[in-house]
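Biologist: I am new to this one. Please take me through it step by step.

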Amino acid sequence: MIQNDQDAYISIYRVEEDGTKTLLKTWYSSDRNKDGVQFFDLNQWEADRQSGSSYIPEIEFTFDLTLEKLESASPN
């Protein structure tokens, strides 16, 4: 759940065996309506309605982190 939708962000790193981190991508919620792949744009997620409950349907959202998605969004 995002409570501050203008300042929220998520950073993706590659972590080597020795603990070295390399920043691959940072997505910002404030950029969600810009061109390219945007993590915070829920229209770019896949949604699947589950039937686990007869009263409240569950919706499962999936955002596959692929190399293409990491490279196609606006620069870090």
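Modeller: One term to begin with: buried means under 20% relative accessible area, exposed over 50%, and partly exposed in between (1.4 Å probe, protein chains only). This is a predicted model, where local features need pLDDT of at least 70, side-chain atom pairs count only at pLDDT 80 or more, and totals for chains, interfaces and linings use all residues. Residues are numbered from 1 along each chain as its sequence is written, and side-chain values use heavy atoms, with hydrogens and water left out.

Biologist: Is R14 buried, partly exposed or exposed?

Modeller: The relative accessibility of R14 is 42%. Because buried ends at 20% and exposed starts over 50%, R14 counts as partly exposed.

Biologist: Which residue meets R14 in a salt bridge?

Modeller: A salt bridge needs a side-chain nitrogen of Lys or Arg within 4 Å of a carboxyl oxygen of Asp or Glu. For R14 the N to O distance is 2.9 Å. The partner, with a relative accessible area of 36%, is partly exposed. The partner is E16.

Biologist: In β2, which residue is the bridge partner of R14?

Modeller: Helices (H or I, at least four residues) and strands (E, at least two) are DSSP runs, numbered from the N terminus, and two strands pair if DSSP finds at least two bridges between them. Strand β2 covers residues 21-28 and runs antiparallel to β1, with seven bridges joining them. The two form a hairpin with five residues between them, and G19 in the turn has a positive phi of about 95°. The bridge partner of R14 is T22.

Biologist: Which residue meets D31 in a salt bridge?

Modeller: D31 counts as buried, at 15% relative accessibility. The other side chain is partly exposed, with a relative accessible area of 49%. The N to O distance is 3.2 Å, and the residue is K34.

Biologist: How are the rings of W27 and F39 arranged?

Modeller: Rings of Phe, Tyr and Trp (its six-membered ring) pair if their centres lie within 6.5 Å; planes under 30 degrees apart count as stacked, over 60 as edge-to-face and the rest as tilted. The whole structure has seven aromatic pairs. In this one, the centres are 5.7 Å apart and the planes are at 25°, so the pair is stacked.

Biologist: And how are the rings of F39 and F40 arranged?

Modeller: Both F39 and F40 are buried. Their ring centres lie 5.3 Å apart with the planes at 85°, so the pair is edge-to-face.
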